[in-house]
Amino acid sequence: MSTYRSIFKKDLFKGQVILVTGGGTGIGRCIAHELAALGATIIIAARKSEPLKIVQDEIQKLGGICDTMLLNIRDAAMATQVIEDIVAKHGKLDGLVNNAGGQFMSPASQLTSKGFSTVIDLNLNGTYNMCKAAFDGYMGEHGGQIVTIVAETRNGIPRAMHTGAARAGIINMTKTLAIEWGPYNGIRINCVAPGLIISSGMKNYHETMVDLLAHSHWMNPTSRYGTESEVSAAVAFLLSPAASYINGVNLEVDGGSSLSKGNPEGDELKYNPEGSHHPVYIGWPEGADNVHGIKHVDAPVKINDLLNNYKAIGRSTVTAIAACTLIPSSLASPIPVPVPSLPAEFQELNKRAGATVIHACTVPNSFAITFDDGPGTFTNDLLDYLYRKQIKVTFFVNGFNYNDIKNPDIAATVKRAFAAGHQIGSHTWSHADLAASSTNIDEEMTKLDVALKELIGKRPVYMRPPYGNTSPAALEYLGAHGYKVINWNVDTDDWQHPSNFKLNLQAYKNALQRDTTGKTFISLQHDAEPLTAQVFSKIAIEYVLSKGFNIMPVGSCLGDNDGWYRD
Ligand SMILES: CCC/C=C/C(=O)SCCNC(=O)CCNC(=O)[C@H](O)C(C)(C)COP(=O)([O-])OP(=O)([O-])OC[C@H]1O[C@@H](n2cnc3c(N)ncnc32)[C@H](O)[C@@H]1OP(=O)([O-])[O-]
Ligand SMILES: NC(=O)C1=CN([C@@H]2O[C@H](COP(=O)(O)OP(=O)(O)OC[C@H]3O[C@@H](n4cnc5c(N)ncnc54)[C@H](OP(=O)(O)O)[C@@H]3O)[C@@H](O)[C@H]2O)C=CC1
């Protein structure tokens, strides 16, 4: 019967008894499968019995030995009891894999004391409880191997300060225990620090976070996420005699992501959005996902899709590790993005109507970078970057679209952008199509003007019609009410393919890779798109700067230094 295809030799752990906490799901389950396939008697323990029973059944079906126990690692007495029960039932405890753990995501500023304590209690205290129980109950006298799964913490973990602190505590505790428990008790103790791993753990996160994760999987030096098998292999190695002189280390299994995290700028340019050139290791048996009724990996669909992609394009099994190149078909041959020109009937209409539609700048060598539909959840990240680069841009904001401008965080972002000298323009209250006869143009413009007046004390003169759409009636209204109507001549279409930075940038390349003598540009992207705010905007700005253009707000690029707003 085909079983987990470990890279290690068969029977490596034959006769050993190893406890894997949290072994009913994700990484822990994979570790349990691999160690059982290598001959160990595995005990998996966690709070919920059902996942444990399923995994026990899977392992037994494949010919392995697996026992289950209920355990809450936060409960020291329960930890002690579980170790006692294992020793009573199986006679010993050769290995302990502290895999149980986790957290919720939250910016540090919004974290409550209770939330912080909960995550510290689970990870740091829980791991301590297990180490102490294993030491007191068996290993202190007989020796053994301990491996704790932490998380890569080298430069902090944004939005998970609590878990970063707990895991850093575990890493340090591990070093001390290696020193204290090594010489006399024959214990080796190490940590494995995964980067982002395609596993059931991702199911704990909100859909928005899963979306973001699914889009950013290439943003580390290995340009992909890791697999459960790659973490499990590190654990098996550290438990094995091959690591018998390795003690007190933290082995990062993160594709190098911890090396570059925290660098304020430029990292994105070093990453490879085209996909990974690295082999992917997946130890699950080849064939369908559910051979013998065993589901290989149980991550959220969008994350699981990444794995299927790695499998489809890469060589994913132990027997066939080979270089793989993940090139989404959309990137294989760049699709040129045409520079839009105003439809002929509108050019004619503009001549008659009250407002003309502006597509380019007048100041020589200027490039106005504009963002629509925001503020978005990550506009503040973009503002941080713009501040560091000392660059000013234009934000055409909505009142109620991706976000509600009255939400205090969103309102604060508008105020911050304004105070920093960026130009705030109107993009209508609700992103309504001004060319549609059903749209109340006056309401759309006035409602946002009133909200902005409250926030920044002024009403914008510059506006961008949603979808770039105008009609004679709209232009007449806008002209009569003193608005300047700004469209663009570089359209990234980032909203259609937010994670395809190469395609987004193609619009810039189409504009700037030809003779640009006497030309000026206004580009369009959307800061409401998280990946545009966090990544693409920076790629675009670096590119425009590399071509020698001066980036400025639309008002400046039209030579208008005073008339951006009115009272
Ligand atoms: C980061 C690097 C990559 C890592 C990836 C992985 O690890 S993937 C693996 C991922 N796998 C896992 O993480 C698996 C293990 N994770 C867990 O069991 C839970 O996530 C746990 C750690 C919160 C513990 O749960 P529990 O049942 O013991 O606790 P509880 O529910 O009773 O909450 C206690 C308090 O915590 C607070 N708080 C909780 N949630 C939120 C939130 N979403 N928002 C804000 N706050 C939140 C809140 O204060 C709450 O008290 P309240 O205000 O309600 O009175
Ligand atoms: N997936 C990833 O990208 C990364 C994961 N990690 C870490 O790897 C480990 C495994 O993660 P993963 O498999 O992805 O996530 P899962 O959420 O699938 O696994 C967590 C496991 O821990 C168990 N658990 C949670 N709290 C307790 C508790 N108090 N007592 C006993 N068991 C508990 C859960 O079972 P039950 O609920 O039944 O108790 C579950 O089986 C975790 O420590 C995680 O933080 C680190 C970095 C990245």
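This is a short talk on two ligand sites, three helix pairs and two backbone details in one structure.

Hi everyone. Before we start, please keep in mind that this is a predicted model.

Let's begin with the ligands. Ligand 1 has 17 residues around it, and the ones that come nearest are R74, G102, Q103, K114 and N204. Two of those also turn up when we look at polar atoms. The side chain of R74 puts an N or O atom 2.4 Å from an oxygen of ligand 1. For Q103, again through an N or O atom of the side chain, the distance to a ligand 1 oxygen is 2.7 Å. Then there's R47, with a polar side-chain atom 3.4 Å from an oxygen atom of ligand 1.

Now, ligand 2. How many residues surround ligand 2? The count is 29, and T25, R47, K48, R167 and S199 are the closest. So R47 comes up again here, having already shown up beside ligand 1. S199 has a side-chain N or O atom 2.5 Å from an oxygen of ligand 2. With N99 the backbone does the job: one of its polar backbone atoms is 2.8 Å from a ligand 2 oxygen. And N204, which we met in the list for ligand 1, has a polar side-chain atom 3.3 Å from an oxygen atom of ligand 2.

Okay, on to the helices. I've got three pairs for you.

Pair one is helix 1, residues 26-37, with helix 7, residues 228-239; their axes are 9 Å apart and the angle is about 55°. That angle makes helix 1 oblique to helix 7. The crossing is right-handed. On the helix 1 side, the contact uses G26, I27, C30, I31, E34 and L35, and on the helix 7 side it uses E228, S229, V231, S232, A233, V235, A236 and L239. Sorted by class, that contact has 9 nonpolar, 3 polar and 2 charged residues.

Pair two is helix 3, residues 76-90, and helix 4, residues 113-142. Their axes come within 9 Å and cross at roughly 40°, so these two are oblique to each other. Once more, the crossing is right-handed. A76, A79, T80, I83 and V87 from helix 3 meet N129, M130, A133, A134, G137 and Y138 from helix 4. What's the class split here? It's 8 nonpolar, 3 polar and no charged residues.

Pair three is helix 13, residues 379-389, with helix 18, residues 530-546. The axes come within 9 Å and the crossing angle is roughly 30°. Oblique or roughly parallel? Helix 13 and helix 18 are roughly parallel, because the cut-off for that label is an angle under 35 degrees. Helix 13 passes helix 18 in a right-handed crossing. Helix 13 brings T379, D381, L382, Y385, L386 and K389, while helix 18 brings A533, Q534, S537, K538, I541, E542 and L545. By class, that's 6 nonpolar, 3 polar and 4 charged residues.

Last stop, the backbone. As background, most residues other than glycine have a negative phi, and most peptide bonds are trans. Where should you look for exceptions? Try the bond from G374 to P375, which is cis, with omega near 0°. P375 sits in the loop between strand 11, residues 366-372, and helix 13. Then go to D11, which isn't a glycine but has a positive phi of about 70°. You'll find D11 in the segment before strand 1, residues 17-21.

That's the tour. Thanks!

Technical notes: Residues are numbered from 1 along each chain as its sequence is written. Chains are lettered from A and ligands numbered from 1 in the order in which they are written. This is a predicted model: local features need pLDDT of at least 70, side-chain atom pairs count only at pLDDT 80 or more; totals for chains, interfaces and linings use all residues. Side-chain values use heavy atoms; hydrogens and water are left out. Axes are lines fitted to C-alpha atoms, for helices over the stretch in contact, and angles run from 0 to 180 degrees between N-to-C directions. Helices (H or I, at least four residues) and strands (E, at least two) are DSSP runs, numbered from the N terminus. Angles under 35 degrees count as roughly parallel, over 145 as roughly antiparallel, 65 to 115 as roughly perpendicular and the rest as oblique. A crossing is left-handed if the near helix is turned anticlockwise from the far one by less than a right angle, and right-handed if clockwise. Contact means heavy atoms within 4.5 Å. Ala, Val, Leu, Ile, Met, Phe, Trp, Tyr, Cys and Pro count as nonpolar, Asp, Glu, Lys and Arg as charged, and the others, Gly among them, as polar. A residue is near a molecule or strand if one of its heavy atoms lies within 4 Å of it. A polar contact is a pair of N or O atoms within 3.5 Å; within protein, one must be able to donate a hydrogen and the other to accept it, and residues adjacent in sequence count only if both atoms are side-chain atoms.
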